[in-house]
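Work through the exercises below with the sequence and the structure at hand, and try each task before you read its solution.

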Amino acid sequence: MGAPLGSGANARGVTSVASVIALANQKGGVGKTTTAVSTSVFLAERGYRVLLLDMDPQGNATSSLGVDKSALLHTTYDVLVDELPLGRAVAVTDRRNLDLVASTPSLAAAEVDLVSAIERERRLANALATVADRYQVVLIDCPPSLGLLTINALTAAHYVVIPIQCEFLALEGVSQLVTTIDLVKRGLNPSLDVLGVLMTMFDGRTRLSAHVVEEVRRFFPTRIFRAIVPRSIRLAEAPSFGQAIGEYDAASRGAQAYAQFADELLERLALPSPATPASNGRSAAVPSAALNRTGGSTEP
Ligand SMILES: Nc1ncnc2c1ncn2[C@@H]1O[C@H](COP(=O)(O)OP(=O)(O)O)[C@@H](O)[C@H]1O
Ligand SMILES: [Mg+2]
């Protein structure tokens, strides 16, 4: 992680290009999508220009934001496989400052369709390079595997955030993830770094949760975020309303934990305050966004 620089520049010393963060862990159900959705909405509400990229064929981030998959003209698949300019794949989320590149089950075919493609690991990185100046933060919600979709995300990212569930065998598979990150760093993306580890679904009533946090701390002595996300029914309910936790129940413990996480993320990225929070309408970010739906409301 780079040292914070003076105001006006982020941790990488760049003023105008987005910090790209992949939420990765090949285990399913650890909180990748919940973290991606909660954090992107928090940051957008604070005035940062945010792009959320759904790289999981299950499209949970897409549905969690209340976006109707059947009304989408373009998705992550088109960007990766057909090299559609990313700006044209942006879907309407009806949230100020937040753009989404959505995904549907068709994305599963990309793993196969890209096998013989040129620069197959760099498809997302190349696509993002064309829009990086429109955003301050890009969050990539990875699928629960270490296949070509996750490799594309790691190749495109500056940072990885690893959500880990406070459960038995929490660290299982994490060394494989770290090895994969190292391989990508060596071969494809030298600037990739682990920004931190987010402990999720912490249950304060059990000794197990506290034990798991200690175990993970031994593995990543300096990387665990201070924010720890509690197990919370409100977090599990929010997606079915097409809302992020900050919209669904801002006073809940889950919302507070994710707000603290968003603060820490900004701190570790050393991102300057958004210049003009009030005037950064979402349509200003990507004017072509409105093209990417067949019409009607995006509400569920
Ligand atoms: N802190 C939490 N407390 C309770 N339920 C949670 C929490 N975080 C996520 N969930 C729920 O657990 C399930 C898995 O979370 P999700 O974010 O989809 O994980 P992943 O993307 O890693 O597969 C989802 O149903 C989600 O709503
Ligand atoms: Mg997910």
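**Exercise 1: Two helices that cross**

Describe how H1 and H11 cross, and which residues they bring together.

Solution. The crossing of H1 and H11 is right-handed, and it should be read with the caution that this is a predicted model. Begin with the general idea that a pair of packed helices is described by the distance between the two axes and by the angle between them. Here the axes of H1 (residues 32–45) and H11 (residues 253–269) come within 9 Å and cross at roughly 70°. Because angles of 65 to 115 degrees count as roughly perpendicular, H1 is roughly perpendicular to H11.

Next, look at the residues that meet: H1 brings Ser38, Thr39, Phe42 and Leu43, while H11 brings Tyr258, Ala259, Phe261, Ala262 and Leu265. Sorted by kind, the residues of this contact of H1 with H11 are seven nonpolar and two polar, with no charged residue.

**Exercise 2: The surroundings of ligand 1**

Find out which residues come nearest to ligand 1, and which element gives the most to its shell.

Solution. There are 18 residues around ligand 1, and those that come nearest are Lys32, Thr33, Thr34, Leu235 and Ala236. Two elements give two or more residues to this shell, namely H1 and helix H9 (233–237). Of the elements, H1 gives the most, with three residues. The shell around ligand 1 can then be divided by kind, which yields seven nonpolar, nine polar and two charged residues.

**Exercise 3: Positive phi outside glycine**

Locate glutamate 83 and aspartate 94, and decide how each counts in terms of exposure.

Solution. As background, most residues that are not glycine have a negative phi. Glutamate 83 is not a glycine, and yet its phi is positive, at about 55°. Its place is the loop between helix H3 (76–81) and strand E3 (90–91). Glutamate 83 has 13 C-beta neighbours inside 10 Å, and therefore counts as partly exposed.

Aspartate 94, likewise not a glycine, has a positive phi of about 60°, and is found in the loop between E3 and strand E4 (98–101). It counts as partly exposed because it has 13 C-beta neighbours inside 10 Å.

**Exercise 4: A loop and its distant partners**

Is glutamate 119 exposed or buried, and which residues does arginine 120 touch?

Solution. Start with glutamate 119, which lies in the loop between H4 and H5. It is exposed, because 12 other C-beta atoms lie within 10 Å, and a residue with 12 or fewer is placed in that class. Along the sequence glutamate 119 is 33 residues from asparagine 152, whereas in space the two are 9.9 Å apart, C-alpha to C-alpha.

Now turn to arginine 120, which is found in the loop between helix H4 (110–113) and helix H5 (123–129). With 18 other C-beta atoms within 10 Å, arginine 120 is partly exposed. If residues up to four places away in sequence are not counted, arginine 120 touches Leu114 and Leu148. Arginine 120 and isoleucine 151 are 31 residues apart in sequence, and their C-alpha atoms are 9.4 Å apart in space.

**Exercise 5: The chain as a whole**

How many helices and strands does the chain have, and what share of its residues is buried?

Solution. The chain has twelve helices and seven strands, and 48% of its 300 residues are buried. Finally, consider the contacts between residues at least 6 apart in sequence: 79% of them join residues at least 24 apart.

Notes: Residues numbered from 1 in each chain as written. Chains lettered and ligands numbered in written order. Predicted model: local features only at pLDDT ≥ 70, side-chain atom pairs only at ≥ 80, totals over all residues. Helix = DSSP H or I, 4+ residues; strand = E, 2+ residues; numbered from the N terminus. Buried ≥ 20, exposed ≤ 12 C-beta atoms within 10 Å, placed from the backbone. Contact = placed C-beta atoms within 7 Å. Axes fitted to C-alpha atoms, helices over the stretch in contact; angles between N-to-C directions. Parallel < 35°, antiparallel > 145°, perpendicular 65-115°, else oblique. Left-handed = near helix turned anticlockwise from the far one by under 90°. Nonpolar A, V, L, I, M, F, W, Y, C, P; charged D, E, K, R; others polar. Near = placed C-beta within 6 Å.
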